[in-house]
Structure formats: C-alpha cells, structure tokens
Amino acid sequence: MMAKEKWIAAVDLGGTSVKLAFLNMDGEILDHWSIPTDRSSKGRNIVPDIAKSIFETLHAKQETKDRLLGIGLGAPGPIDYSTGRIYKTVNLGWEDDYPLKQALEKETGLPVVVENDANCAALGEMWKGAGNGAANLVCVTLGTGVGGGVIANGDIVRGAKGAAGEIGHIVVEIEDGFSCNCGKKGCLETVASATGIVRLAKVELERADSGSILKEKFNANQDISAKDVFEAADGGDDLAKRIVDRVAFYLGFALANIGNSLNPDYIVVGGGVSNAGSTLLDPVRKYFKQYAFPPVGESTKIERASLGNSAGVIGAGWLVKKEFSREQ
Ligand SMILES: [Zn+2]
C-alpha cells in the first residue's frame with residue numbers, strides 16, 4: 001500500500017490566540033482551529049498547549065503524528081535563527097529569550113521550523129496569495145503596528161540580527177514625528193498602523209471646524225477608529241479625505257524607497273487597515289509612482305493581500321515543506 005500523503009501542522013502564535021491548521025503539500029488548508037494564548041506563569045503553558053491541541057485534533061481524525069511532516073510556527077518577535085530561540089517577547093509572557101523550536105520539538109517529537117510571523121505572512125502570500133508565486137515580494141501588514149517581510153529569490157531576507165524587513169520603522173517624518181515603541185520618532189508605524197491613523201486623525205480633528213462627518217462622530221463617541229476615517233472618506237468627508245491622503249503619502253513614500261532597493265514583483269499590503277481597499281491603495285499607488293525610480297514604478301505592483309488571517313499558517317506550512325520534504 002502506498003504511504004499516505006503527509007500533512008503539515010502550521011501554527012500562528014499571537015498575543016491573544018494561537019491559530020492552528022493542517023495543510024496538505026499543496027498548501028491547501030485541510031482543517032483550521034484556534035486556542036487561547038495562555039500568557040500566565042511567564043508563558044510556560046504555551047508550547048504544551050500547542051502540542052496537546054495538535055495531537056487532540058489528529059486523534060479526532062483517527063490519525064497519528066506519523067501523518068505529519070513537521071510543524072511550522074510563526075511567532076510575534078525576532079528569531080535567533082542559529083538556535084531557534086525567540087528574543088524576549090513580553091506580550092507572550094516570555095521575559096527572557098525562549099527556546100521555542102527546541103521546546104516544541106521536545107514536546108511533540110516532530111521537526112519544527114520557527115519564523116517571525118510577518119515573514120510567515122509574506123511567505124503565505126507568495127505561495128498561495130496575492131504574490132501569485134512571484135520570487136521577489138515584499139509584504140507589509142498594517143495592523144495595530146506595521147510589520148514587514150521581504151522575500152528575494154524565493155527566500156526570506158533575515159539580515160544580520162534577524163531584523164530585516166522592519167518596514168514599520170522606516171522613518172517617514174524626520175521632524176516632529178510621533179514617538180515610536182522602538183525608541184525612535186517618526187516611524188511609519190506611528191502614522192500608518194490602525195493606531196497611527198487614529199493619532200493623525202485626532203490632530204486634524206482638533207484643528208477642524210464643525211461640518212465634518214468625522215468630527216461629528218468623534219464628538220458623539222469621544223473616540224474614532226481607523227475604519228471610521230476610511231468610511232467618512234468614502235462618504236466624501238473632506239477632513240477624512242485629507243487624513244487618508246496623508247497616510248497614503250507616508251506609505252507610498254516608504255514603499256517607493258523599498259521598491260528602489262528591491263524592485264519586487266509585488267508589494268502586498270495586508271492587515272486590518274488594508275480592508276479599506278482602493279480608498280487607501282489608489283492614493284498609495286499614486287505616491288508610490290511619484291517617489292519610485294521610474295522603472296520600479298512601472299514594474300512593481302502594489303496589491304492587497306488575499307489570504308487574510310490564513311497567510312501566517314500557510315507561510316509557516318511552506319517553510320515545513322521547504323525544510324523537511326527532501327528528507328522523506
Ligand atoms: Zn519605530
């Protein structure tokens with residue numbers, strides 16, 4: 001009897017939940033589920049919880065771990081690739097560097113590959129999403145922060161300290177920029193993340209007279225979201241349109257300079273903020289062309305990510321296929 005096709009276990013570890021999936025070797029999701037992230041006791045339950053959940057789900061499908069080629073895991077922090085340790089990640093409870101790869105291998109008896117989560121999202125979009133199989137791709141994720149992943153010739157660019165692709169910390173405002181979590185000022189993350197857009201909006205709202213939909217919404221709720229800004233812009237609100245144009249300028253400017261360095265086939269924009277769709281991406285493309293070296297402006301395409309929340313697990317799965325399938 002022929003051996004059954006192997007499955008891949010893929011994990012996207014986040015601060016509030018852990019997404020898990022089984023994929024086939026073509027990157028199709030066979031099953032997916034999630035469990036809460038237990039950050040208590042300095043995060044010591046996280047790895048055992050992941051192992052237990054994978055085995056329980058296998059068992060429910062009347063399978064054993066022999067069915068799995070390995071486990072791919074995307075983690076929200078920089079990785080020390082020589083050891084598979086993740087650097088101190090306070091929002092998971094890990095107050096020191098944590099031997100993530102080793103701990104999960106010990107807990108499961110399976111080979112494990114660990115990668116930064118933004119890099120996994122980029123690999124996922126390359127393999128099965130908007131990157132359409134292109135070997136040169138940059139992925140930028142606009143969520144609570146701004147994450148980035150750079151793929152050159154089919155491989156993640158990691159850099160000397162695993163900190164390559166930190167697109168969120170490109171400085172776009174050299175004078176009087178907002179303070180960033182990284183310790184600098186004026187980083188892209190401070191103006192193009194969901195929180196950054198709200199921050200920009202609040203500055204504009206303070207200056208604004210009445211007569212704006214957005215201003216009225218802010219006065220009624222004493223708060224606004226990035227989504228409110230895009231909705232008001234769609235509704236023709238001038239104040240909101242000015243804020244969106246400013247965000248698009250910062251993004252287009254930063255992406256043009258990335259484009260000039262790498263000339264990727266695609267720059268894929270994902271994360272919650274990308275749900276604004278063409279309201280955001282059309283002006284981003286305009287500014288991108290304005291600041292890009294002309295051959296880059298003509299050949300690098302800016303596309304919205306297409307895999308949504310699944311990009312991370314699909315990218316983690318791709319790494320398992322790449323790392324372990326030849327050993328079979
Ligand atoms: Zn920064």
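Leu 281 lies in helix 10, which covers residues 278-291. The model is predicted. With a relative accessible area of 4%, Leu 281 falls under the 20% cut-off, so it counts as buried. Beyond residues up to four places away in sequence, Leu 281 touches Val 269, Ile 302, Glu 303 and Arg 304. Lys 184 is 97 residues from Leu 281 in sequence, and their C-alpha atoms are 27 Å apart.

The zinc site comes next. Four protein residues donate to the zinc ion: His 169 through ND1, and Cys 180, Cys 182 and Cys 187 each through SG. These donors lie 2.0 to 2.3 Å from the metal. The angles subtended by the 4 donor atoms run from 104 to 120°, and the arrangement is therefore tetrahedral. Every angle must lie between 85 and 135 degrees for that label. Along the chain, the donor residues follow the spacing H-x10-C-x1-C-x4-C. The pair His 169 and Cys 187 links distant parts of the chain, 18 residues apart. Both residues sit in the loop between strand 10 (155-156) and helix 5 (189-192). Their exposure was also computed. His 169 has a relative accessible area of 21% and is partly exposed. Cys 187 is buried, at 0%.

Ser 193 is placed in the loop between helix 5 and helix 6 (194-207). Its relative accessible area is 0%, so Ser 193 is buried. Two polar partners were found for its side chain. One is the backbone oxygen of Thr 144, reached at 3.5 Å. Another is the side chain of Thr 195, at 3.1 Å. Outside the four places on either side in sequence, Ser 193 is in contact with Gly 143, Thr 144, Gly 145, Val 146, Leu 188 and Val 273.

Helix 2 spans residues 46-60. At 1.5 Å a residue, its 15 residues should cover 21 Å, and the end C-alpha atoms are indeed 21 Å apart. The buried residues of helix 2 are Ile 46, Val 47, Ile 50, Ala 51, Ser 53, Ile 54, Thr 57 and Leu 58. They occupy an arc of only 165° around the axis, so they lie on the same side of helix 2. An α-helix has 3.6 residues a turn, so residues three or four places apart point the same way. The face turned away from the buried side of helix 2 carries exposed residues: Lys 52, His 59 and Ala 60.

The buried residues of helix 2 pack against several elements. The strands are strand 1 (7-13), strand 2 (17-23), strand 3 (29-36) and strand 4 (68-75). The helices are helix 1 (40-43) and helix 3 (100-108). Gln 62 follows helix 2 and has a positive phi, near 55°.

Val 18 is found in strand 2. Its relative accessible area is 1%, which means that Val 18 is buried. Leaving aside neighbours within four places in sequence, Val 18 is in contact with Val 11, Asp 12, Leu 13, Trp 33, Ser 34, Ile 35, Pro 36, Thr 37 and Ile 50. Ile 50 is among the buried residues of helix 2. Pro 48 is 30 residues from Val 18 in sequence, and the C-alpha atoms of the two are 12 Å apart.

Helix 4 covers residues 117-128. Its 12 residues should span 16 Å at 1.5 Å a residue, in agreement with the 16 Å between its end C-alpha atoms. Helix 4 is mostly covered, with 10 of its 12 residues buried. The buried residues are Ala 118, Asn 119, Cys 120, Ala 121, Ala 122, Leu 123, Gly 124, Glu 125, Met 126 and Trp 127. At the start of helix 4, a side-chain oxygen of Asn 116 comes to within 3.0 Å of the backbone nitrogen of Ala 118.

Positive phi values also occur elsewhere. Ser 41, in helix 1, has a phi near 50° although it is not a glycine. Ser 41 is partly exposed, at 40% relative accessibility. Asn 153, likewise not a glycine, has a positive phi of about 50°. Asn 153 is found in the loop between strand 9 (146-152) and strand 10. Its relative accessible area is 64%, and Asn 153 is therefore exposed.

Notes:
Residues are numbered from 1 along each chain as its sequence is written. This is a predicted model: local features need pLDDT of at least 70, side-chain atom pairs count only at pLDDT 80 or more; totals for chains, interfaces and linings use all residues. Side-chain values use heavy atoms; hydrogens and water are left out. Donors are N, O and S atoms within 2.8 Å of the metal (3.2 Å for Na, K and Ca); water is not among the atoms, so sites may look incomplete. Four donors count as tetrahedral if all angles lie between 85 and 135 degrees; four count as square planar and six as octahedral if opposite donors are over 155 degrees apart and all others between 65 and 115; anything else is irregular. Helices (H or I, at least four residues) and strands (E, at least two) are DSSP runs, numbered from the N terminus. Buried means under 20% relative accessible area, exposed over 50%, partly exposed in between (1.4 Å probe, protein chains only). The expected span of a helix is 1.5 Å times one less than its number of residues. The arc is that of the directions from the helix axis to the C-beta atoms. Contact means heavy atoms within 4.5 Å. A polar contact is a pair of N or O atoms within 3.5 Å; within protein, one must be able to donate a hydrogen and the other to accept it, and residues adjacent in sequence count only if both atoms are side-chain atoms.
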